[in-house]
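Here are a few exercises to work through with the model on your screen. Try each one before you read its solution.

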Amino acid sequence: MSNTIGNLSNVYNFYMTTYAPKSSSPYDSHKKSELRRVYNSIVKMNKESPLFILDTSRSSQQFAISVKENARELRNTIASLGGLDEEELLNKKVAFSSNEEIATASYIGSAGQNADAPSYDIEVDRLATPQVNMGKFLPADEPVALAPDTYSFDVRIEDLNYEFQFGIRPTDTNRTVQARLARLITNSNIGITASAFTDEDGSSYLRMESNTTGVKNGNSRIFHISDNRTSKTSGAVEYFGLDYISTPPSNASFLVNGEPRSSASNRIALDRIYEVQLTGVSGEDGAYASIGLKTDVDSLAENVNTLVNGYNTFLNAVSEYKDEQPKSSRLFNEMSGVARVYANDLTNVGLNLNLDGRLEVDDDTLRETAMSEDAKEAFQPMKSFTNSVLRKSNQVALDPMNYVNNTIVAYKNPGKNFASPYITSAYSGMMFNGYC
């Protein structure tokens, strides 16, 4: 059973990373009550939905995952603009940095912190760096000077150990084996990116870089490579120079309002108010970045632009399948139809609805409306529109199969059906079918 679940996870991850956005958001975490509500909605939906035969082609699988993940992305975009409550929509404060070559910032505080949010001056002495291992330079086209066999080596990252096994054939050259090792290490997703390079002198070498930066708990390295106690033939580590650390990892060193601090990462949080990404070093001139909150007008303008970008991105993702999935046009029209309902009100505050269903921001009108005395009333239709888009995105994420080609076999008798515990999601069943 565990192997089957792992296979399903691999299939989903392949489609999601290839055909849909992949992002990490705090709004992807849910309370038990929220998960229970989603489950009940799925059960109710399947209880009343007609019986149909699914189109399980590769194109339909791509489309279903793209629709679901883009709908989830749109929901998270809306949630990031102040929350999922209609009164808080578009009210999120926006942070600014006076010098983005030193640091960028985003606001992560709650609405109640807005009035009292302090500002900070940041000066960066050193950025956090990853560990880089540089292998030996070997003649690229010459045969490997190791006996043909199965070799292995161990990689230790913190308290975890990973063993890698690979074979060397009589016809292998240094370059082909280095390229094979680069793919083996990178595709394992253990936190190391490896690449094989060839220089102008005809020598090739491996370069391995950790995906994380800095050191923790007194460690001097992020990963350690050895074949002293490996299960297969040893000797590859020394031959290819896999254990040579050319650049050791280091922590970031910076000043916050004159107070020295350090961090293993270049992404830091300041008093749970700002999330700051260190991007450069101050240098001898002592350049610094001031971090603070934008004005209400600037924050609103950025929130509206973020909303419009998320809305248009969803429509663009759906329109990519108009030639392959006939029902994609229906989804496009349903989502753009939400904007058409509010078209006049949106135009009054600076959002123009184009003929193709997408939105365009008139920044001058938007700012003028935001600074007017009746700004709160003027933007109420905007909040209603945003809430309608949120409801539609939730509906699409819950049942993306509603927009995939299918053939209806029979309609159920309304009001006299029972929930089936075995049909909770045709969406996951479509991918799972290949392993049954």
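Buried means under 20% relative accessible area, exposed means over 50%, and partly exposed is anything in between (1.4 Å probe, protein chains only). This is a predicted model, where local features need pLDDT of at least 70 and side-chain atom pairs count only at pLDDT 80 or more, while totals for chains, interfaces and linings use all residues. Residues are numbered from 1 along each chain as its sequence is written, and side-chain values use heavy atoms, leaving out hydrogens and water.

**Exercise 1.** Find the salt bridge partner of Lys 93, then decide whether each of the two is buried or exposed.

Solution. Start with the rule: a salt bridge is a side-chain nitrogen of Lys or Arg within 4 Å of a carboxyl oxygen of Asp or Glu. Lys 93 pairs with Asp 296, and their closest N and O atoms are 1.8 Å apart. Now look at where they sit: Lys 93 is in the loop between H3 and strand S2 (95–97), Asp 296 is in helix H6 (residues 296–319), and 203 residues separate them. Helices (H or I, at least four residues) and strands (E, at least two) are DSSP runs, numbered from the N terminus. Last, check the cover: Lys 93 counts as buried because its relative accessibility is 14%, whereas Asp 296, at 54%, counts as exposed.

**Exercise 2.** Work out how the salt bridge between Glu 302 and Lys 294 compares with the cut-off.

Solution. The closest N and O atoms of Glu 302 and Lys 294 are 2.6 Å apart, within the 4 Å limit. Glu 302 is partly exposed at 33%, and so is Lys 294 at 27%. By this rule the count comes to 12 salt bridges.

**Exercise 3.** Check the span of helix H3 (residues 58–79), and say how enclosed it is.

Solution. The expected span is 1.5 Å times one less than the number of residues. For the 22 residues of H3 that gives 32 Å, and the end C-alpha atoms are 32 Å apart, so the two agree. Next, 19 of the 22 residues of H3 are buried, so the rest of the structure largely encloses this helix.

**Exercise 4.** In what order do the three strands of the open sheet lie, and which are the edge strands?

Solution. Two strands pair if DSSP finds at least two bridges between them. The order is S8-S7-S11, with antiparallel pairing. Strand S8 (160–168) and strand S11 (223–226) are the edges, each pairing on one side only. Zoom in on strand S7 (residues 149–157): nine bridges join S7 to S8, and Ile 157 has Leu 160 in S8 as its bridge partner.
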